[in-house]
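Visitor: Please take one part of this structure and go through it closely. I would like the pairing of residues first, then the wider arrangement.

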Amino acid sequence: MSFNHPNIASLNLIKKHHLFLSEYQDADQQCYFFVETPFAELYIASHGAHVLSYKPKDQAELLWLSDTSAFTPNKAIRGGVPICWPFFGPYKGQITGLETAPNHGFARTQTWELSNFESLDDEFVMLWRLPNAELQQILGFEFEVEYKVSVGKQLKLELTTRNLSQDNIVIGGALHSYFNADITSLRVDNLANHYLDSVDKKSKQQQIFSLSPQTDRIYPSNDKVISLRDQHHQVSIENIGNDSVVVWNPGHDLASGMADVHENAEQQYLCVESAQSSIDFVIKPGTSHSLIQVIR
Ligand SMILES: O=P(O)(O)OC[C@H]1O[C@@H](O)[C@H](O)[C@@H](O)[C@@H]1O
C-alpha cells in the first residue's frame, strides 16, 4: 500500500484475490480493494464503488481525496470519483412516485458488490454491481446497474444502467471526479465556450477557462478531450454517453464551511464530471445506457 491517506493507512489486509488485487477492511468492516499492476495503482471502496485514487506508474496521483473525509456508511466520501445516480444534483421530482431523495442520488452511499474481475494484457478490469432489491422498492422500477473499472495506463469508468421494467425510466447521474490540480496555475482546455452557471442560473460565455470565486458550471458536452494542466499535473479527460460536463470548485468561502474539506483544500482540486444532468433522459424498457469517463 503506497497511498498516503489517514483512513487508508489504518486498513487491515483481508485477502489477496489475485496477484494484482488485494482486499482490505477498516474497523467498521467496510471493504477496500487495492489494484497494483505494472501500469498503475488504484484504490476503490465498496462504499459507493468509490474510486479513491488512481496513479499511473511513474506519474503523480491524478485524483484528489480530502484528508478529512469520513468513510462512514451514510455519508458520501469527499474526493476520488463519487457516483451520482439515478440523477445529478438536487432531486427535482423526475422519478414518478418518489417524493424526496438526497443530493446526487443514492448510489454513492450504498455498499456495492465486486461481482467479477479479470486481468487482461494491459489492464485489470473489475465489475461492480449496485445491489438493487431495496433501491427498486424506493425507485418503483426494476433495473440493473453495473460499474466497470478498467485500470491500466488509462482509467476507464463505465456506469451502465439497464431498464428491466416494462416502462420508460428517467435516469441521470455523473461520474463526479475530483482531479488533483493547483488551481492558481491551472489551465483547462477543450470545454465548450459557454455554460450554465449553477450559482446564479445564468448562461455565460468564456473563451479561455478561468475560475469564479465559486465555480459551479454545466457545460454542454462536445467530442473534445478535456485537458487539465498545471506545473505538476497533466490529465486528459474523455467523456462519453454524457449530455454535459460539470465543472465544480466550491471556492474558499463555501469550502471553509464544509467539514469534510480540509483547510485550503479547495486550492488543490477541480471536479470535471461526465454528467447526464437533464431531468428528461429516458431509457426504454429492455435497453441500457452507459455513462463513461476515461482518464489518462
Ligand atoms: O456536496 P455534494 O452533494 O457532494 O455536491 C458537491 C457539488 O457537486 C457538483 O456536481 C454540483 O454541481 C454542486 O452544486 C455541488 O455542490
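Guide: Start with one pair: Y32 stands opposite A45, a residue of β4. The coordinates come from a predicted model. Y32 belongs to the pairing of β3 with β4: β3 covers residues 31-36 and β4 covers residues 40-45. These two strands run antiparallel and are joined by five bridges.

A45 also leads on to the next strand, since its bridge partner in β5 is H50. A45 is thus a link between Y32 and H50. The pairing of β4 with β5 is antiparallel as well, and it extends over six bridges. The two strands make a hairpin, with four residues between them. One residue of that turn, G48, has a positive phi of about 80 degrees.

Now the wider arrangement. β3, β4 and β5 are part of an open sheet of five strands, ordered β1-β2-β3-β4-β5 and paired antiparallel. Its edges are β1 (12-18) and β5 (50-56); each has a single partner strand, so one side of each has no neighbour in the sheet. On average, neighbouring strands here are turned by 15 degrees against each other, direction ignored. Although β5 is an edge strand, six of its seven residues are buried, and the strand is mostly covered. In a regular strand, side chains alternate between the two faces of the sheet.

For context, here is a second site. In an unreviewed entry, UniProt places the feature "active site" at H176 and E273. The two span 98 residues in sequence, but their C-alpha atoms are no more than 4.6 Å apart, so they gather at one spot. H176 sits in the loop between β12 (173-175) and β13 (178-180), whereas E273 is in strand β21, residues 269-276.

Is each of them buried or exposed? H176 has 24 C-beta neighbours inside 10 Å and so counts as buried; E273 has 27 and therefore also counts as buried. Setting aside neighbours within four places in sequence, H176 contacts V81, P82, C84, C271 and E273. With residues up to four places away likewise left out, E273 touches A174, L175, H176, S177, V245 and V246.

Both residues also belong to the surroundings of the ligand, which include H176, V246 and E273. By class, that shell is made up of three nonpolar, five polar and two charged residues.

Conventions
Residues are numbered from 1 along each chain as its sequence is written. This is a predicted model: local features need pLDDT of at least 70, side-chain atom pairs count only at pLDDT 80 or more; totals for chains, interfaces and linings use all residues. A residue is near a molecule or strand if its C-beta atom, placed from the backbone, lies within 6 Å of it. Ala, Val, Leu, Ile, Met, Phe, Trp, Tyr, Cys and Pro count as nonpolar, Asp, Glu, Lys and Arg as charged, and the others, Gly among them, as polar. Two strands pair if DSSP finds at least two bridges between them. Axes are lines fitted to C-alpha atoms, for helices over the stretch in contact, and angles run from 0 to 180 degrees between N-to-C directions. UniProt positions are given in the numbering used here, feature names are shortened, and annotations may be inferred rather than shown by experiment. A residue is buried if 20 or more other C-beta atoms lie within 10 Å of its own, exposed if 12 or fewer, and partly exposed in between; C-beta atoms are placed from the backbone. Two residues are in contact if their C-beta atoms, placed from the backbone, lie within 7 Å.
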